[in-house]
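Please read the points below with the model open beside you, and check each one by eye as you go. They begin with a single residue and then move on to the strands and their pairing.

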Amino acid sequence: DELDIRKVKTGQPVKITANSTGSADIREYKGIVTKININGTTVNGVTSYPVTIKIDDTEDLLPGMNVDAKIEVEALENVLSIPVGVVARNGQVLVKTNDPASAANRANPQIPAGYVYKKIELGGSDDEYIQVLDGLKEGDIVTEVKESSVSGFPFGGARGGMPGGSGSQNGAPVPQNGGAGQ
């Protein structure tokens, strides 16, 4: 759409997914952007721009099939990243502290013992992870507060995720060896 079209360039990689068989089997394809049309179409106040993508291997795809295409407009490597879900409003995250009885915990029962909200500066993201520019360091432990429970999201190790490689699992500290992309 109009918010993202300036980031799209010819030659960028594209990940295409299609449910070509009608079953739960999702097929993935790779392609590249070959053309960006500057004539947009506006529907309900949102302007979209047609983008032409060359797909490397079109096995099982037929003309007119619906697909989902994600254009990688930015690839970040060796950056600190966290799951998008742990970021609260105003760019804050719950960070483990050495003070289990902090004033913030006493004032808000939703905040788990030993955690405090901390404002962080965010960078690039994809559907799963977001880059941390400032406010956290490798090894910090963050968590997410859900409606009825608390889920810990301390991180460790590169396990996929954003292009470039950061991932997460419960029970380990935030790494600085991953990446973010969109």
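1. In this predicted model, Ile-36 is partly exposed, because its relative accessible area is 25% and the partly exposed class lies between the buried limit of under 20% and the exposed limit of over 50%. The residue belongs to strand S2, which covers residues 27-36.

2. What does Ile-36 touch once its neighbours within four places in sequence are left aside? The contacts of Ile-36 are Ile-5, Val-8, Lys-9, Thr-10, Pro-50 and Val-51. For one of these, Val-51, a distance can be added: the C-alpha atoms of Ile-36 and Val-51 are separated by 4.6 Å, although the two residues are 15 residues apart along the chain.

3. Two asparagines deserve a look at their backbone angles. Asn-44 has a phi near 55°, which is a positive value in a residue other than glycine, and Asn-44 sits in the loop that runs between strand S3 (41-43) and strand S4 (46-48). With a relative accessibility of 78%, Asn-44 counts as exposed.

4. For Asn-78, phi is likewise near 55°, again a positive value in a residue other than glycine. Asn-78, however, is found in a strand, namely S7 (residues 75-79). Is Asn-78 buried or exposed? Its relative accessibility is 56%, so Asn-78 counts as exposed.

5. Turning to the pairing of strands, it helps to recall that strands of a sheet pair through backbone hydrogen bonds, either parallel or antiparallel. Here, three strands form an open sheet in the order S8-S12-S11, and the pairing is antiparallel. Strand S8 (81-83) and strand S11 (121-125) stand at the edges with a single partner strand each, so one side of each is left without a neighbour in the sheet. On average, neighbouring strands of this sheet are turned by 40° against each other, direction ignored.

6. Within that sheet, S11 is joined by three bridges to strand S12 (residues 129-134), and the two run antiparallel. To find the place in the model, look for Glu-121, which stands opposite Asp-134 in S12.

7. Strand S9 (residues 92-96) should be followed to two partners, S10 and S13. With strand S10 (residues 115-119), S9 pairs in the antiparallel sense over five bridges, and Gln-92 stands opposite Lys-119 in S10. With strand S13 (residues 142-145), S9 pairs over two bridges, also in the antiparallel sense, and the bridge partner of Val-95 in S13 is Val-142.

How values were computed. Residues are numbered from 1 along each chain as its sequence is written. This is a predicted model: local features need pLDDT of at least 70, side-chain atom pairs count only at pLDDT 80 or more; totals for chains, interfaces and linings use all residues. Side-chain values use heavy atoms; hydrogens and water are left out. Two strands pair if DSSP finds at least two bridges between them. Helices (H or I, at least four residues) and strands (E, at least two) are DSSP runs, numbered from the N terminus. Axes are lines fitted to C-alpha atoms, for helices over the stretch in contact, and angles run from 0 to 180 degrees between N-to-C directions. Buried means under 20% relative accessible area, exposed over 50%, partly exposed in between (1.4 Å probe, protein chains only). Contact means heavy atoms within 4.5 Å.
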